[in-house]
Amino acid sequence: MQVNGERFLKDLHDLRAFGASGVGKGVVRPAYSEADINARDWLAGRMRDAGLEVRYDPVGSQWGLAEGTSLLIGSHTDSQPEGGWLDGALGVVMALELARAAREAGGPAVSVVNFQDEEGRFGVTTGSKIWAGQLPLDHADTLIDSAGTDLATARAAMAHLAGDFIDPARFSGFVECHIEQGPWLHESGEAIGAVTEIVGIRDMRITFEGEQNHAGTTPMHRRRDAFQALSNFNTALNDRLRNVVTPETVWTIGHVDLQPGAHSIVPGRATFSMQWRDRDTDRLRRIEAVIRDTATEVAEAQGMRLSFSELLGLEPVAMDAGLRAAIVEAAQKVAPDGWREMPSGALHDASNVAALMPAAMMFVPSIGGISHAFAEDTDEADLLCGLDVLAAALPALAAAHTG
C-alpha cells in the first residue's frame, strides 16, 4: 500500500483555509460555526471521492464509511476559539489518506470519523461522548456555551444533514493520530509517540468569601481580602504537592472571578477553577485531599468562608495493547529508535471511544510544545513520518481484533 504524501499535505493545507485566522497557520473554526460546517462539507466531497459513504449523526459528527467491517480512524476538525491548524484536523486528514490508499491497493477497509465539538464549546469531547453513551443527547442539548447558546440550537444548523447514530459494531477498533500538544517529542528529536494511556482529569471550583471593603480606607491588617487567600492557597499548594506528584502531573488555576471586580474595592469573594491531571487514579485522589486540606487551612487562618463545587472528571483510560503494539512495531521500522511510548496529558475522543471498542493513539511532535494557539505547528517531515507509520501498521491494526 502506497500513501500519497503530497495529496495528504495538500488536503491538510486546503482544510486550514476554512476559518483561517490571518495569523500564520491559525484557524478559528469552533463547533457548529459557519467555518466548521463548510469544512465538513468540503471533507464530505473528499470522502465521496475516496469511495466512502458520507453520513452525519444527530450531533453533527461526520462519518466516511467503508463497506462491511472496517477499522475506524479519525479525530475532529473543530477548533479552539483561537486554534491551530493541526489539532484534530491532522487525524481526520490522515484517516482520509489511509482510507484512499487502502482502497486503491485493495487493502484493509478503513472508515473515517470527524467527531463534533471535541474542543468543548458545549463541554469536553461532546460528540464522541454522546456516541459512546456517556452523555444522553437530551441532557447534552441543555448545555450552554459562553455566549448563552444551547447545544440544541447550535446543532439545528446541521439538522438537514443529520441521520441516525452509527452502529459501533461495524468497526473492529479505533485509531487516532494527533499532534502531541506538549514538548517531549520535539525536545528529544523523536518523531513518534505511541500513547499508553490518556490521563485522568479532575475539575472543580473553589470559593473564598471574605469581606468586601474600601480599597483606600481599609488598613491592611483589617482586611479579609479574598484574592490574598487565593494567592496564599496557590503558593502553599505548589509547595505541598512536591512529594505527591510526578514530573508528568499537572495542575492549573485557569479561571478566576473576583467580586465585585473593581479597582477601588477589596474583593470580598474569589471563585476559581482548580484542575489536575495524572495517569494514576490514587494519585488523583491524594492530590484532591491536599487541595481540600490546603484551602481549609487558608480559609481558617484568614477568616474566610470556604465552599467547593461538585467534583467533575474522567478516569484514566488505557490504550489497547494489541493496537499499540502494531504502532510500536511500525514506528521501529519507519523511524528506528526515533519513537517512545508515552501518556497523553490532553483529553481526546479516543478516551470515549475506548468504552465501545479497542482504541489506540499515536502522536507526532509539536514544535516548541505549542498548541491551542495560532502558533501551533509541526514540521511536514514529521507529518509525513506519522502517515508512513500508520500506513505500515495498517494491516496489523486491521487484523488485531478481527476473526
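Colleague: Where is the place of Pro260?

Modeller: Pro260 is in the loop between β10 (256-259) and β11 (265-266), and the peptide bond that leads into it from Gln259 is cis, with omega near 5°. Helices and strands here are DSSP runs, helices being H or I of at least four residues and strands E of at least two, numbered from the N terminus. This is a predicted model, in which local features need pLDDT of at least 70 and side-chain atom pairs pLDDT 80 or more, while totals for chains, interfaces and linings use all residues. Residues are numbered from 1 along each chain as its sequence is written, and side-chain values use heavy atoms, with hydrogens and water left out.

Colleague: How do you know that the radius of gyration of the protein agrees with that of a compact globule?

Modeller: The radius of gyration is taken over C-alpha atoms, and the globule rule is 2.2 Å times the number of residues to the power 0.38. For 403 residues that rule gives a value near 22 Å, and the protein has 23 Å, so the two agree. The C-alpha trace spans about 80 × 45 × 40 Å along its principal axes, and the protein holds twelve helices and 17 strands.

Colleague: Why is Thr77 called buried?

Modeller: Buried means under 20% relative accessible area, with exposed over 50% and partly exposed in between, for a 1.4 Å probe and protein chains only. Thr77 has a relative accessible area of 0%, and therefore it counts as buried. Thr77 lies in the loop between β3 (70-76) and α3, and, not counting residues up to four places away in sequence, it touches residues including Leu15, Arg29, Asp36, Arg40 and Phe115, where contact means heavy atoms within 4.5 Å. Of the 403 residues of the protein, 51% count as buried.

Colleague: What makes α2 roughly parallel to α3?

Modeller: The axes of helix α2 (residues 34-49) and helix α3 (residues 89-105) come within 10 Å and cross at roughly 15°. Angles under 35 degrees count as roughly parallel, over 145 as roughly antiparallel, 65 to 115 as roughly perpendicular and the rest as oblique, and that makes α2 roughly parallel to α3. These axes are lines fitted to C-alpha atoms over the stretch in contact, and the angles, taken between N-to-C directions, run from 0 to 180 degrees. The contact joins Leu43, Arg46 and Met47 of α2 to Val92, Leu96 and Arg100 of α3.

Colleague: Which handedness does the crossing have where α2 passes α3?

Modeller: α2 passes α3 in a left-handed crossing; a crossing is left-handed if the near helix is turned anticlockwise from the far one by less than a right angle, and right-handed if clockwise.

Colleague: Why does Arg100 count as buried?

Modeller: Arg100 has 6% relative accessibility, which lies below the limit for the term, and so it counts as buried. The place of Arg100 is in helix α3, and, leaving out residues up to four places away in sequence, it touches Arg7, Asp11, Arg46 and Ala50.

Colleague: What makes α3 oblique to α12?

Modeller: α3 and α12 pack at an angle of about 45°, with their axes 11 Å apart. That angle falls in none of the other classes, and therefore α3 is oblique to α12. α3 passes α12 in a right-handed crossing. Leu90, Met94, Glu97, Leu98 and Ala102 in α3 meet Leu383, Gly386, Leu387, Leu390, Ala391 and Leu394 in α12.

Colleague: How do the residues of the contact of α3 with α12 divide?

Modeller: They divide into nine nonpolar, one polar and one charged, where Ala, Val, Leu, Ile, Met, Phe, Trp, Tyr, Cys and Pro count as nonpolar, Asp, Glu, Lys and Arg as charged, and the others, Gly among them, as polar.

Colleague: Why does Glu288 count as buried?

Modeller: Glu288 has 18% relative accessibility, which is under the limit, and so it counts as buried. The place of Glu288 is in helix α9 (residues 281-302), and beyond its neighbours within four places in sequence it is in contact with Trp276 and Leu311.

Colleague: What is phi of Tyr32, a residue other than glycine?

Modeller: Phi of Tyr32 is near 70°, a positive value, and Tyr32 is found in the loop between α1 and α2. At 6% relative accessibility, Tyr32 counts as buried. Gln181 also has a positive phi, of about 70°, although it is not a glycine, and it lies in the loop between β5 (171-179) and α7 (184-188). With a relative accessible area of 17%, Gln181 is buried.
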